[in-house]
Amino acid sequence: MNQQRRTQGPTLRFTKMHGLGNDFMVVDAISQPFRLRPEMIRELANRNFGIGFDQLLVVEPPGLPDVDFRYRIFNADGSEVEQCGNGARCFARFVRDQRLTNKKVIRVQTAKGVIELRVGRDGMVMVNMGVPELNPPAIPFAADRRKDVYTVDVDGQTVELSAVSMGNPHGVLLVDDVDSAPVETLGPRLERHPRFPARANIGFLQILDRSHARLRVFERGSGETLACGSGACAAVVVGCLRGLLDHRVEVELRGGKLVIEWQGEGTPVMMEGPATSVFEGQLRLPGDSGSRRRRGSARPHKQRP
Ligand SMILES: N[C@@H](CCC[C@H](N)C(=O)O)C(=O)O
């Protein structure tokens, strides 16, 4: 019995959430100790053998003055990344649901700077996603000068795309119809294309009219997701720069709709959308003895409007 206790490590409380079907395991690392290795994150992200999620979000105390929290993001493949739009909305809902703050405007430190989140009365969350970066080395994207559209060679096939960073790197391709777009074939090749030295999220954008678009995103480190918030912001920036979209656009993703606003170069992109809690759970992590067995329990989450 004692032996068994020693092989089981500490328990970890978490909340399963999603933003339009882009799903997350969210961990409060303020009130409980938390450190996971990349292989453990991959195991937990597995949809058959683990909890299953696109990203892990970790809430930590702030490391800067005038900031409420620090928020870290890990893809399903265990890589730590700079930005997550849907995650930011879920983060805002999480810190209020868990009573870590009662503020309506929350300032959060991410790996790429501070973002501001505003929780509305209707439960919708508005995120200031910051000013998009279009300078190739800063994205990072390999090009000798900045252009709105780049030509990229993918195994002998010429592909036209735009490149932008929303804190994280995005490539955006215009397509006639997202349903038949080559997301599964071109997505992974472009994600790891040498011209994106830090890899990239690849969006396939269909323009419906000047204020409506459809989008599918093959995400870096997670594969195609039902929605990508930073991808929707990047797509609207690209659509505006190419003169195809107005300043306020409803973007339809596979999991639902986001409203994105961008007033043009040098201004921040605003994103508005929902954040949903699904259930709360508890895991027993493997102990130091190397036992890889996990035990868990979960209870459905009561929704607040
Ligand atoms: N789902 C996210 C983006 C998550 C990070 C991304 N996969 C990356 O590697 O940059 C969103 O809603 O923005």
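**Reading two domains and an annotated site**

The domain assignment of this predicted model divides the chain into domain 1 (2–128 + 275–300) and domain 2 (136–267).

User: How far apart are the centres of domain 1 and domain 2, and how many residues of each are in contact?

Analyst: Taken over C-alpha atoms, the centres of domain 1 and domain 2 are separated by 26 Å, while 20 residues of domain 1 are in contact with 19 residues of domain 2. On the side of domain 1 that touches domain 2, helix α3 (residues 85–97) provides the largest share, three residues, and the residues of that side divide into five nonpolar, 11 polar and four charged.

User: Which residues does UniProt list for "binding site"?

Analyst: The UniProt record, an unreviewed entry, lists Asn 22, Gln 55, Asn 75, Gly 85, Asn 86, Asn 168, Asn 201, Glu 219, Arg 220, Gly 229 and Ser 230 under that feature.

User: Taking Asn 75 from that list, is Asn 75 buried or exposed?

Analyst: A residue counts as buried if 20 or more other C-beta atoms lie within 10 Å of its own. Asn 75, placed in strand β4 (residues 69–75), is therefore buried, because it has 24 C-beta neighbours inside 10 Å. Leaving aside residues up to four places away in sequence, Asn 75 touches Gln 55, Val 81, Arg 220, Gly 221 and Ser 222.

User: Where is Glu 219 found, and which residues does Glu 219 touch?

Analyst: Glu 219 is found in strand β13 (residues 212–219), and it counts as buried because it has 28 C-beta neighbours inside 10 Å. With residues up to four places away in sequence not counted, Glu 219 touches Asp 54, Asn 201, Thr 225 and Cys 228.

Notes. Residues numbered from 1 in each chain as written. Predicted model: local features only at pLDDT ≥ 70, side-chain atom pairs only at ≥ 80, totals over all residues. UniProt positions renumbered as here; feature names shortened; annotations may be inferred. Helix = DSSP H or I, 4+ residues; strand = E, 2+ residues; numbered from the N terminus. Buried ≥ 20, exposed ≤ 12 C-beta atoms within 10 Å, placed from the backbone. Contact = placed C-beta atoms within 7 Å. Domains from an automatic or database assignment. Nonpolar A, V, L, I, M, F, W, Y, C, P; charged D, E, K, R; others polar.
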